[in-house]
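Q: Please take a close look at the charged side chains in this model, and at how they are paired or left unpaired. A connected account would suit me better than a list.

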Amino acid sequence: MTINESEIWDRFNNKSIPIDPKWLETIYSLNLSHELRYLICERLGLLADIGWQPIKKLLKSNGNQPELIYAAGLCHQKEARDFLLECLNTEKEVQVDILKALECWGAFLSFKDLKKIFSEKSFEIRLAGLNLLSFKSHLLNEDELLDLVADLLEDFREEVVINTIRVLQRRNEYKIIDRISRMVDNGSNKIVEAALIALGAIGTDLSAQKLLRLSQQLDNPHHRYVAQKQLKHQYLTLN
């Protein structure tokens, strides 16, 4: 079937697209615009199990195009997940498109996979990796988790550090609470505030003790106020 790009757009705009993965597979072409290729692949991904087979064929014939990787993640099939994990393990460089496609499968990544991801300095890769870690962190012990994020907590970009703190605040072990509290010592205003809010969110006796100390010792009046506010939210009896 030969159909030009304007005709394909007309069909999408008029909502006259056949609910047929074979048709979508047939019209896909690297000669189409970036936007249209993504739209076609999105439709294939939303077809779930019946969409995966044509996605797989297109990957084989066209290579790991970003829109096809996106579709593989969107279809939520186990075979697609395994394909994406294999891509992560075999590619020489970590690709952010693969990480985003793996988003809902973060729990299936190994410690080694995450270590590889966080060894990259790219802002986008680190944020995508943290999103994956949020699905995996409950399966790691505190030492493994702290090992993975050690370099991220020293990142010069506030957003990376703050998102790392937000992952850590879901845990309540001593070492993690202590590491979060130490972020208050030399972080920027936003990082200090994120660390104080994280201690409040943890809501244990230990985190409350840390907040009490910080509310008394911090030099910055606003930081002391945030610590006091978080402490009040915990409703805990301190020894």
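A: A salt bridge is taken here as a side-chain nitrogen of Lys or Arg within 4 Å of a carboxyl oxygen of Asp or Glu. With that cut-off, Lys121, Arg126, Asp151, Asp155 and Arg157 are linked in a network of salt bridges, and the structure, which is a predicted model, holds 14 salt bridges.

Three further pairs can be followed through the chain. The side chains of Lys56 and Glu79 meet in a salt bridge, with N and O 2.9 Å apart; because Lys56 belongs to helix H4 (residues 48–62) and Glu79 to helix H6 (residues 78–90), this pair ties together parts that are 23 residues apart in sequence. Lys56 is partly exposed, with a relative accessible area of 30%, and Glu79 also counts as partly exposed, at 39% relative accessibility.

A salt bridge also joins the side chains of Glu154 and Arg179, at 3.1 Å from N to O. Glu154 sits in the loop between helix H10 (142–149) and helix H11 (158–168), while Arg179 lies in helix H12 (residues 174–186), so the pair ties together parts that are 25 residues apart in sequence. The surroundings of the two partners can be stated separately: Glu154 counts as exposed at 55% relative accessibility, whereas Arg179 is buried, with a relative accessible area of 14%.

Asp178 forms a salt bridge with Lys210, the closest N and O atoms being 3.1 Å apart. Since Asp178 lies in helix H12 and Lys210 in helix H14 (residues 205–217), the parts tied together by this pair are 32 residues apart in sequence, and both Asp178 and Lys210 are buried.

Lys136, which is found in helix H9 (residues 123–136), offers a contrast: Lys136 is buried yet has no salt bridge, and the nearest side chain of opposite charge, that of Asp113, is 7.7 Å away. Its side chain does have backbone oxygens beside a polar atom, that of Leu109 lying 2.9 Å away and that of Ala107 lying 3.3 Å away. Leaving aside neighbours within four places in sequence, Lys136 is in contact with Gly106, Ala107, Leu109 and Leu114.

Away from the charged groups, the largest nonpolar core has 78 residues, of which Leu24, Leu102, Ile117, Leu133, Ile165 and Leu196 touch the most other members. The largest share of this core, eight residues, comes from helix H13 (residues 189–202).

Technical notes:
Residues numbered from 1 in each chain as written. Predicted model: local features only at pLDDT ≥ 70, side-chain atom pairs only at ≥ 80, totals over all residues. Heavy atoms only, no water. Helix = DSSP H or I, 4+ residues; strand = E, 2+ residues; numbered from the N terminus. Buried < 20%, exposed > 50% of the residue type's maximum accessible area, 1.4 Å probe, protein only. Lys, Arg positive; Asp, Glu negative; His and termini not counted. Polar contact = N/O pair within 3.5 Å; in protein donor to acceptor, adjacent residues only side chain to side chain. Contact = heavy atoms within 4.5 Å. Core = buried A, V, L, I, M, F, W, Y, C linked by side-chain atoms within 4.5 Å.
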